[in-house]
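Trainee: Got a minute to go through this one with me? I'd like to start with the sheet and then look at the helices.

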Amino acid sequence: MLAKFKQHITSEMPFLKGKKLLLACSGGVDSVVLAHLCANAELNFAMAHCNFRLRGEESDGDETFVRDLSLTLGVEVYVKQFETETYAREQRLSIQMAARELRYQWFDELLGTKGFDYVLTAHHADDSLETFLINLSRGTGIDGLSGIPEVNGKVARPLLPFSQEEILEYANSEGVDWREDSSNASTKYLRNKIRHDIVPLLKELHPAFLQNFLNTQKHLEQNNDLAKLYLNEFKSKWFEQSEGVIKISVTELLKLQPLESHLYGLFKNYGFTEWNDVKNLLTALSGKKVFSRTHQLLKDRDSLILSKIKNRVSVDHLVHLTESTPDLPVQLRMEEVKSLDEQGENVIFLDKEKLNFPLVLRNWVKGDYFYPFGMKGRKKLSKYFKDEKFDLISKDKQWLLCSDNEIVWVVGKRADERFKVEDSTRQILKITLVK
């Protein structure tokens, strides 16, 4: 197996040579064999072990085993313990999904702080088959049927061409020790049930079943690549990015047939799963929203607005009379001047004596109103937004500069009449929005 592994690295994954690699090692046979193979192939790697603290002393024993393995192989090891159950409860995730999120968040952190080029995981051909069957049982698109990718961003899986049987044979022939995870024997988990009850039956149907599956999977991956090229062409033309959001023409989306398949391909990477809701959004009234766990789609007139979900908090920022405000969400420069000079949306002139300091910078709330500069009478901010054709994303991002909770400036848009400079003004305050 070592010779085959070296050949696979040379022919299919030469980019790993000479790179700084981080090998995810649980202590199980797959990751331990991968560690031995990488050491014998003279790859430059360190190990990372996650202790999810789910199996008490057994989890601690895995950690000790991996630490000892690092000494045997002469490589560095990083270990982190996680409060997995707490995280799962707070994020409303299954234990398996919580562990996965914690694991890859930490790997990303190590890539950034320790200068690793790739994370290596020990997924093999049987894992890919199991993933295929899990996705098939749940209903999936072509992505789910394509199995586990050999390279996905900074994650590489050099054991994917190898079967579980080959890995066990190598471990036994080379006298490699490993740890058994007792939870792997339980068939209460779907993956384990497929592994222990279904895959063996499939392999009985045909002695080359696993290899035939890998060949089929390769064809599916190639077809999937073609589909991605087509969808990326559409995105490059109709996904207009501006200020952290993406605007998509509803008219162009409705031209796509079959519509459901196109919507799946275009929006699946943003976490959406309720495809009927996404489809219905195209003909919904403005203001209708559909949410995934990470993103929202907003119907705004003849467009969909795609944006990341952020916790919208009305934060009050104290603005003192200083030359600049570097710690604010928008950059303001304030200075006293003798006369009015440059005009524009990004500059206002105020009667300083009409203001109560410190000023407050905040988001808008329902019921806000102001007296638009140059007009008589007050106007609800919601009406102003409507007249100025603000979409919902723009309204959420708009900041207000206030004095005693009275709006002084819809920042970068419109000043308030009450604080304007008059003939009787003795002190003029100039505030500039620094773009």
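Mentor: One term to begin with: a residue is called buried when its relative accessible area is under 20%. Keep in mind that this is a predicted model.

Trainee: Fine. Which residues of β2 are buried on one side, and which on the other?

Mentor: F45, M47, H49 and N51 are buried on one side, and A46, A48 and C50 are buried on the other, which leaves both faces of β2 covered.

Trainee: Why do the residues split up like that?

Mentor: Side chains in a regular strand alternate between the two faces of the sheet.

Trainee: And how many residues of β2 are buried?

Mentor: 7 of the 7, residues 45–51, so the strand is largely enclosed by the rest of the structure.

Trainee: Which strands does β2 pair with?

Mentor: β1, residues 21–24, runs parallel to β2 and is joined to it by 4 bridges. β3, residues 77–81, also pairs with β2 in the parallel sense, over 5 bridges.

Trainee: Give me some residues to click on.

Mentor: Take A46 of β2, the bridge partner of L22. For the β3 pairing, M47 has V77 as its bridge partner.

Trainee: What connects those strands?

Mentor: Helix α2, residues 29–40, forms a right-handed β-α-β unit with β1 and β2. Helix α3, residues 57–73, does so with β2 and β3, again right-handed.

Trainee: What is the strand order in the whole sheet?

Mentor: The order is β3-β2-β1-β4-β6-β5, in an open sheet of 6 strands with mixed pairing. β3 and β5, the latter at 151–152, are the edge strands, each pairing on one side only.

Trainee: How does β4 pair with β1?

Mentor: In the parallel sense, over 3 bridges, with β4 covering residues 118–120. There, L22 has V119 as its bridge partner.

Trainee: Now the helices. What does α2 touch?

Mentor: α2 packs on the sheet against β1, β2 and β4, and its direction makes about 150 degrees with that of β1. Helix α5, residues 95–114, packs on the sheet too, touching β1, β2, β3, β4 and β6, with its direction about 145 degrees from that of β2.

Trainee: At what angle do α4 and α5 pack?

Mentor: About 105 degrees, with the axes 9 Å apart; α4 is residues 84–91. The two helices are therefore roughly perpendicular to each other.

Trainee: Which residues make that contact?

Mentor: On α4, T84, E85, Y87 and A88; on α5, I95, A98, A99, E101, L102 and Q105. By class, the contact has 6 nonpolar, 2 polar and 2 charged residues.

Conventions:
Residues are numbered from 1 along each chain as its sequence is written. This is a predicted model: local features need pLDDT of at least 70, side-chain atom pairs count only at pLDDT 80 or more; totals for chains, interfaces and linings use all residues. Side-chain values use heavy atoms; hydrogens and water are left out. Buried means under 20% relative accessible area, exposed over 50%, partly exposed in between (1.4 Å probe, protein chains only). Two strands pair if DSSP finds at least two bridges between them. A crossover is right-handed if, with the strands pointing away from the viewer, the path from the first strand over the helix to the second runs clockwise. Contact means heavy atoms within 4.5 Å. Axes are lines fitted to C-alpha atoms, for helices over the stretch in contact, and angles run from 0 to 180 degrees between N-to-C directions. Angles under 35 degrees count as roughly parallel, over 145 as roughly antiparallel, 65 to 115 as roughly perpendicular and the rest as oblique. Ala, Val, Leu, Ile, Met, Phe, Trp, Tyr, Cys and Pro count as nonpolar, Asp, Glu, Lys and Arg as charged, and the others, Gly among them, as polar.
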